[in-house]
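Student: I have a new model open on my screen and I would like to learn how to read it. Could you walk me through it, one feature at a time?

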Amino acid sequence: MRYAAEIYKRYSQLIAGICFQYLKNPMDAEDAAMDVFEIITKDLKRLEVKKLNNWLYSVAKHHCLKVKRRKQRLSFSEQLEQEHPDFFVENGDDLSLLQKIEDELRFDALEIALKELKADQKTCVELFYLKHMSYGDIVDVTGYDLKKVKSYIQNGKRNLKLKLEEQLEQKA
């Protein structure tokens, strides 16, 4: 925690600038910068970071892009509600509740399957799919060779699929 605090102290301006560059709103950028601090605090416990500047930039960038996508999704659904209010009045709550429950079940299954992967595969799959990092960013963060990163992602994806199918068969 002490190291994360020192990193934030030294790089808070950089992180805030990156967040503002992507989000264009000072309040959103400030919130995103705080979220990035939480993310790096968690990630530093389990990752070995080789190039701190590159890693901080990619974490901030990917978090801001995720925030931006979430806002766009919300604005699209709000637009649909305004254009078709009668559709959402009766079924909106029920549909969204069912969707949330379904999503939670999928995330739980995925979380269990991720825990069963080998450590290298798990790290690369999480960075690539969940953190939306590029191969180059993953190489920088983990120190693995580019071919190894691609292999870990491909094999991890295949193993995840097999583990998820196995979970479905056990429930059936």
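**Reading the fold, helix by helix**

Tutor: Happy to. The protein chain has seven helices and zero strands, and its order along the sequence is α-α-α-α-α-α-α. Keep in mind that this is a predicted model.

Student: How much of the protein chain is buried?

Tutor: Of its 172 residues, 29% are buried. As for the surface, the chain exposes about 12200 Å², and 55% of that comes from carbon and sulfur atoms.

Student: Among contacts between residues at least 6 apart in sequence, what share joins residues at least 24 apart?

Tutor: That share is 65% in this protein chain.

Student: Now the interior, please. Which residues have the most contacts inside the largest nonpolar core?

Tutor: Look for buried nonpolar side chains that touch one another. Here the largest such core has 29 residues, and Ile-15, Cys-19, Val-36, Ile-40, Trp-55 and Ile-138 have the most contacts inside it. At least two of its residues come from each of α1 (2–23), α2 (26–46), α3 (52–83), α5, α6 (135–142) and α7 (146–171). Another core, of five residues, lies apart from it and includes Ala-113, Leu-114, Leu-117 and Leu-160.

Student: What does Ile-40 touch, beyond residues up to four places away in sequence?

Tutor: Ile-40 touches Ile-7, Trp-55, Leu-56 and Val-59.

Student: Let me try a single helix. How far does α5 reach from its first C-alpha to its last?

Tutor: Comparing a helix's reach with its expected span is a good habit. Helix α5 covers residues 119–130, twelve in number, and reaches 15 Å, close to the 16 Å expected at 1.5 Å a residue. Just after α5, His-132 has a positive phi of about 55°.

Student: Which residues of α5 are buried?

Tutor: They are Gln-121, Thr-123, Cys-124, Val-125, Glu-126 and Leu-127. When you look at any helix, it helps to know that an α-helix has 3.6 residues a turn, so residues three or four places apart point the same way.

Student: Why does Thr-123 count as buried?

Tutor: Thr-123 counts as buried because its relative accessibility is 16%, and the cut-off for buried is under 20%. This residue lies in helix α5. Its side chain reaches the backbone oxygen of Ala-119 at 2.9 Å. Setting aside neighbours within four places in sequence, Thr-123 is in contact with Leu-47 and Thr-142.

Student: Is Glu-48 buried or exposed?

Tutor: Glu-48 counts as exposed, because its relative accessibility is 54% and exposed means over 50%. You will find Glu-48 in the loop between α2 and α3. An exposed residue can still have partners: the Glu-48 side chain makes a polar contact with the side chain of Lys-50 (2.9 Å). Leaving out neighbours within four places in sequence, Glu-48 is also in contact with Val-141 and Thr-142.

Student: How far apart are Glu-48 and Gly-143, in sequence and in space?

Tutor: Sequence separation and distance in space are worth checking side by side. Glu-48 and Gly-143 are 95 residues apart in sequence, and 8.2 Å apart in space from C-alpha to C-alpha.

Student: One more residue for practice: where is Lys-45 found?

Tutor: Lys-45 is found in helix α2. With a relative accessible area of 71%, Lys-45 is exposed. Its C-alpha is 9.6 Å from that of Ala-4, and the two residues are 41 apart in sequence.

Technical notes
Residues are numbered from 1 along each chain as its sequence is written. This is a predicted model: local features need pLDDT of at least 70, side-chain atom pairs count only at pLDDT 80 or more; totals for chains, interfaces and linings use all residues. Side-chain values use heavy atoms; hydrogens and water are left out. Helices (H or I, at least four residues) and strands (E, at least two) are DSSP runs, numbered from the N terminus. The expected span of a helix is 1.5 Å times one less than its number of residues. Buried means under 20% relative accessible area, exposed over 50%, partly exposed in between (1.4 Å probe, protein chains only). A nonpolar core is a set of buried Ala, Val, Leu, Ile, Met, Phe, Trp, Tyr and Cys residues joined through side-chain atoms within 4.5 Å. Contact means heavy atoms within 4.5 Å. Accessible areas come from the Shrake-Rupley method with a 1.4 Å probe; for residues, only the protein chains shown count as cover. A polar contact is a pair of N or O atoms within 3.5 Å; within protein, one must be able to donate a hydrogen and the other to accept it, and residues adjacent in sequence count only if both atoms are side-chain atoms.
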